[in-house]
Amino acid sequence: MVRYRSEWPSVEELVLCTVKKVFPQGAFVTLDEYGGKEGMVHISEVASGWIKNIRDHVRENQKVVCKVLAVDPARQQVDLSIRRVKDSERRWKAQRVKLNQRAEKLLELAASKLGKTLDQAYEEIGFKLQEKFGDLYSAMETAAKDSSSLVGLADESWVKTIAELAKESIQTPSYKVTGNVILSSTAPNGVEIIKSAMINARDSVRDEDINVEIYYVGSPRYRIEVTAPSYKAAENAMQQAVEMMIEAVTKAGGKGEFQRSG
């Protein structure tokens, strides 16, 4: 499993876990990415609604994606939630774990080419890549497009070797997020108000890396699709566009609501 300099996850972070023990009031899990540290999921955070039998939702040795609610290193305690993880976040995390494992293989290969160990690779550049880009794979993606982004992080031999391997092995992916926006207006020019709000929001968020499309589904429902180089960028762009649309319509006396897909 990919290593991290930090011994503990941060609040709101998505973490991959293995269910260790299930009991009536919750479940103990190990955090796969943090040296097998133990966390707890209270029964109220296992699933939405009333739970008759907790084992209908979690079982020993099951892999689950959790959201970190609280971290107390002094007490060696991590509080987690399964129910607060969206389906889209769960899919993203599972994919990200695999991609980071792939990135670690590239880091190990770079170390081999330089006559160094993986431990040395992490200490000399790996942890620095995580700190600057968020995770190893994001660093490799960026290096594949622009090797100058690595300059100054470590010795030039590391920068050159990693950039070469990234360009050979990494293809920049695109992530799509979708949702539905409910927009209505009883004003005489309500159609124009809504149309203008959507066009302005779309054009304000779009750039060379982010694409936004808005489709008419059936009054008053509109579908928004955002494609970006990263899941986080896509989510942020969709949130920005949705907020702009709803604000413009409500200021004109209408109503707006957002419904997440997936």
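A residue counts as exposed when its relative accessible area is over 50%, as buried when that value is under 20%, and as partly exposed in between. By that yardstick Q76, at 54%, is exposed. All the views below come from a predicted model.

**Figure 1. The whole chain, a predicted model with 6 helices and 9 strands.** The C-alpha atoms fill a box of roughly 70 × 55 × 30 Å along the principal axes. Of the 262 residues, 44% count as buried. The chain exposes about 14100 Å², and carbon and sulfur atoms supply 47% of that area. Take the contacts with a separation of 6 or more: 61% of them come from residues 24 or more positions apart. As for confidence, the mean pLDDT of the chain is 91, and 98% of the residues score at least 70. Among the elements, β5 has the highest mean pLDDT (97), while helix α3 (residues 136-145) has the lowest (88). A general reminder: where pLDDT is low, the predicted coordinates should not be read in detail.

**Figure 2. Close-up of the salt bridge between K63 and D32.** Side chains of opposite charge can pair when their charged atoms come close. Here the closest N and O atoms of K63 and D32 are 2.7 Å apart. The two partners sit 31 residues apart and link distant parts of the chain: K63 belongs to strand β4 (residues 63-72), and D32 to the loop between β2 (26-31) and β3 (37-42). Which of the two is buried and which is exposed? K63 is exposed, because its relative accessible area of 52% is over the 50% cut-off. D32 is buried, with 16%, which falls under the 20% limit. In the chain as a whole, the count comes to 15 salt bridges.

**Figure 3. Close-up of E45 and R84, another salt bridge.** The N to O distance in this pair is 2.7 Å. Again distant parts of the chain are linked: E45 is in the loop between β3 and β4, R84 is in the loop between β5 (77-81) and α1 (87-113), and 39 residues separate them. E45 is buried at a relative accessible area of 8%, whereas R84 is partly exposed at 41%. Have a look at R83 too, which joins E45 and R84 in a network of salt bridges.

**Figure 4. Close-up of R55 and E60, whose side chains meet in a salt bridge.** Nitrogen and oxygen are 2.8 Å apart here. Both partners fall in the middle class: R55 is partly exposed with a relative accessible area of 44%, and E60 is partly exposed with 30%.

**Figure 5. Close-up of C17 and C66, two cysteines without a disulfide between them.** A disulfide is a covalent bond between the sulfur atoms of two cysteines. Why is C17 not bonded to C66? The closest cysteine sulfur to that of C17 is the one in C66, and the gap of 3.9 Å is too far for a bond, because a disulfide needs the two sulfur atoms within 2.5 Å. Seen from the other side, C66 is in no disulfide, and C17 holds its nearest cysteine sulfur. C17 is buried, with a relative accessible area of 0%, and C66 is buried with 0% too. The disulfide count comes to 0.

**Figure 6. Close-up of helix α1 and what comes after it.** At 1.5 Å a residue, the 27 residues of α1 should span 39 Å. The C-alpha atoms at its ends are 40 Å apart, which agrees. G115 follows α1, with a positive phi near 70°.

**Figure 7. Close-up of two loop residues with positive phi, N61 and Q76.** Most residues other than glycine have a negative phi. Phi of N61, though, is near 75°, and phi of Q76 is near 55°. N61 lies in the loop between β3 and β4 and counts as exposed at 64% relative accessibility. Q76 is found in the loop between β4 and β5, and is exposed at 54%.

**Figure 8. Close-up of N180 in strand β6 (residues 175-184).** Is N180 buried or exposed? At 14% relative accessibility, N180 counts as buried. Leaving out residues up to four places away in sequence, N180 touches R221, Y222, R223, E257, F258, Q259 and S261.

Notes. Residues are numbered from 1 along each chain as its sequence is written. This is a predicted model: local features need pLDDT of at least 70, side-chain atom pairs count only at pLDDT 80 or more; totals for chains, interfaces and linings use all residues. Side-chain values use heavy atoms; hydrogens and water are left out. A salt bridge is a side-chain nitrogen of Lys or Arg within 4 Å of a carboxyl oxygen of Asp or Glu. Helices (H or I, at least four residues) and strands (E, at least two) are DSSP runs, numbered from the N terminus. Buried means under 20% relative accessible area, exposed over 50%, partly exposed in between (1.4 Å probe, protein chains only). The expected span of a helix is 1.5 Å times one less than its number of residues. pLDDT is the predictor's confidence in each residue, from 0 to 100. Contact means heavy atoms within 4.5 Å. Accessible areas come from the Shrake-Rupley method with a 1.4 Å probe; for residues, only the protein chains shown count as cover.
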